[in-house]
Amino acid sequence: MNAYAWTPTEAVTEKANVTRLMRAHGIDGLEELRRRSVANIDWFWDAVVKDLGLPFTQPYSGVRDSSAGIEWTTWFTDGHFNAAQACIGRWLGDPASAEVTALIHEDEAGAVRRLSYRELAEAVAGLADGLRARGIGHGDVVGVYMPMVPEAVAALYAIAAVGAVSMPLFSGFAAGAVAKRLQDGQARLVFTADGTLRRGKPSLMKPVCDEALADCPTVEHLVVLPRLGAAVSWIEGRDVSWADFSPGKGQLVIDDTGAEDTLLIGYTSGTTGKPKGAVHAQAGFVVKVASEVAYEFDLKAGEVFTWITDMGWILGPLSTFGVHALGGTLLLYEGAPDQPDAQRVWKLVERHRITVLGVSPTLIRALKAAGPPPGDDIALDSLRILGASGEPWDPEAYNWLADAVGHSQRPIINFSGGTEVAGAFLAPFPVEPLRACSLGGPSLGMDVAVFDAEGNSVRGSVGELVCRQPWPGMTRGVYGDPQRYLDSYWSMYPGVWRHGDWARIDEDGQWFLLGRSDEALNVAGKRVGPAEVESELLSHDAVAEAATVGVPDGTKGEVIWCFWTPVDPAGEDVSDELGALVAERLGRPFKPSRVLRVRDLPRTRSQKILRRAVRAVAVGEDPGDMSGAENPEALDVLREAVADGSTKAAGLT
């Protein structure tokens, strides 16, 4: 693997934001910057604040305080900071900056809205006044259960402006999932919409809230946006229309909040049982996400950034606060990314002159299977950066995006972190050469390593991804459950954050993730990550998507089961061929016990395959909360395939 998928030009390097940072501190190259950023993390994060001009209304007296232990580190001691001021208020003093487009919204039907920073500030001011009028203030939790619309962004900033705590909720959650999270946070108010359109069909959200709030006695008000104009029930005294809640534009008033005041609670995806809410601080979250958008995605003021995601996943708030902290333009897309056809994403780039486009590997695999790459009739000249996150890549999908879409002229900034991280542990930068599927190296200020079971740092072999020093975006704990926080991240290696991912560093220092370590397959004592098996399956031309899980076995402890969807539903069933391919590439011990062709696999709306649900079906267990699934009916297809093993049972004929 000597070829690089991306090699930066001198012009790219010269103009990059990270180059500006390096030159300001006399640093010769990216690897030296990476080293210095963890050799002195206090110096580095202070340098980020200054380089990006992030405004503290009261300067901090110290960058960091770890006196209570690394696990409970706080940041920007004695500083005062408010995310609404850093992302909206700061741009209003200059008339030119105030008229820059802050938001572009496009829905599935093609309707477009645009808001300048001034117009967004007016919307935020009205909502903030409504919150204050109802006694919502410092420390109160407010749910945001909304589609990707400008009002959702305004709600996040209004909550921050009054010093309250936002709880972004996935817009596809069912009532039970919404209720669990609102109960966990003891929310006092919820912003929602009557519904949204997805795949051309109305998806009502107000009835979901009504059902959820029946079990949430702390919620006093439900504020409803008439997105569809749908007929919905109304509870007097609790329900408030958007217009009545925010009748005027008003003047934006932003409370003076401490740097460590809580900004939001982000819930991790794919979990069962009691939700796990990551607590993020006003200053730490904004500083971290702004650094990601500035240095890794290289966004400049006025450029357009979008990620195909939902506000309920971490990439929604990351995009929002990160883009607006830099004076950029955020594009919100409301709807399915392949509607009305597989060219929709590329047409968005052309129509709105997108600079940075964020996708998931599963979405790219789906678009690759659904149709050809964008042709010369779709102009992608505005696109400089391709972003990716959510799961490991397979080489075929990565190279299709890099070559057929990127034409080797756009780097894929493949970064990985999580809700608890407020951004990335690992990320490449546009100023460094990149191999296919690589995560480049550590994100700046992140002292990451790969540990073996004994806690030794290793290279050239697979181990646990860890972080040895704190960072500003580190969760301040699991909401309401400090012991769960310690058990989840700090119990394997004392004083070291263990994230739960398998990672490997190659001979050139490039990093690769190989799936969740808690999903590792252990076949007769031999361990392999499911993503490694899936990568081999996806290398076959007949395979569109794949999921690999471990199933208990009395002899081997665990055996491998593989599920795959075909590029051509009428094509040949190559399951036996795929099993042989895995054995050939990974070794006979890893030959799958079963390989089943199916019509569909369960996915989130961001197109990430729900492997935990696949495994639950394989072993005959309850898959748990499927409210985050785009297509929960796919589980029935899997059950039939497991029971029968035939193409007919899998729903393909």
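This passage walks through some strands, sheets and hollows of the structure shown above. The model is a predicted one, and residue numbers start from 1 along the chain as its sequence is written.

A good place to begin is strand β5, which covers residues 141-145. This strand is mostly covered, with five of its five residues buried. Buried here means a relative accessible area under 20%. In a regular strand, side chains alternate between the two faces of the sheet. In β5, Val141, Gly143 and Tyr145 point one way, while Val142 and Val144 point the other way. Both sets are buried, so on the under 20% cut-off neither direction from β5 leads to an exposed residue.

Who are the partners of β5? One of them is strand β6 (residues 165-168), which pairs with β5 in the parallel sense over four bridges. Within that pairing, Val142 has Ser166 of β6 as its bridge partner. Strand β7 (residues 189-193) also runs parallel to β5, and four bridges join the two. Here Val142 turns up again, this time standing opposite Leu189 in β7. There is a helix in the story as well: β5, helix α8 (residues 150-161) and β6 together make a right-handed β-α-β unit.

Further along the chain, the pairing is antiparallel. An open sheet of four strands has the order β22-β23-β24-β25. At its edges stand β22 (448-451) and β25 (511-516), and each of these has a single partner strand, so one side of each is left without a neighbour in the sheet. The sheet is not flat in its strand directions: neighbouring strands are turned by 45° against each other on average, direction ignored. Inside this sheet, β23 (residues 463-467) and β24 (residues 497-505) pair over four bridges in the antiparallel sense. Cys467 is part of that pairing, with Trp497 as its bridge partner in β24.

Another open sheet has three strands, in the order β19-β20-β21, and it is antiparallel too. The edge strands, β19 (416-418) and β21 (441-442), each pair on one side only. Strand β20 (residues 423-427) pairs with β21 over two bridges, and Ala427 has Gly441 in β21 as its bridge partner.

Now for the empty spaces. The count comes to four cavities of 30 Å³ or more. The largest cavity holds about 180 Å³ of space. Its lining is made of 16 residues, and the closest to its centre are Arg198, Thr309, Asp310, Tyr333 and Gly335. Strands β8 (195-198) and β15 (329-334) each supply at least two residues of this lining, and the largest share, three residues, comes from β8. Sorted by class, the lining has eight nonpolar, four polar and four charged residues.

Pockets are open, unlike cavities. The second largest pocket has about 600 Å³ of space. It is lined by 26 residues, with Arg199, Asp338, Asp600, Arg603 and Gln607 lying nearest its centre. Several elements give at least two residues each to this lining: β9 (201-204), α15 (361-370), β28 (543-553) and β29 (557-566). Helix α15 gives the most, with six residues. The class count for this pocket is twelve nonpolar, three polar and eleven charged residues.

Definitions and conventions
Predicted model: local features only at pLDDT ≥ 70, side-chain atom pairs only at ≥ 80, totals over all residues. Heavy atoms only, no water. Pairing = 2+ DSSP bridges. Axes fitted to C-alpha atoms, helices over the stretch in contact; angles between N-to-C directions. Buried < 20%, exposed > 50% of the residue type's maximum accessible area, 1.4 Å probe, protein only. Right-handed = clockwise from strand over helix to strand, strands pointing away. 1 Å grid on protein atoms, 1.4 Å probe; cavity = no way out; pocket = protein on both sides within 12 Å on 5 of 7 lines; lining within 4 Å. Points joined across faces, edges and corners; volume = space filled by probe spheres on them. Nonpolar A, V, L, I, M, F, W, Y, C, P; charged D, E, K, R; others polar.
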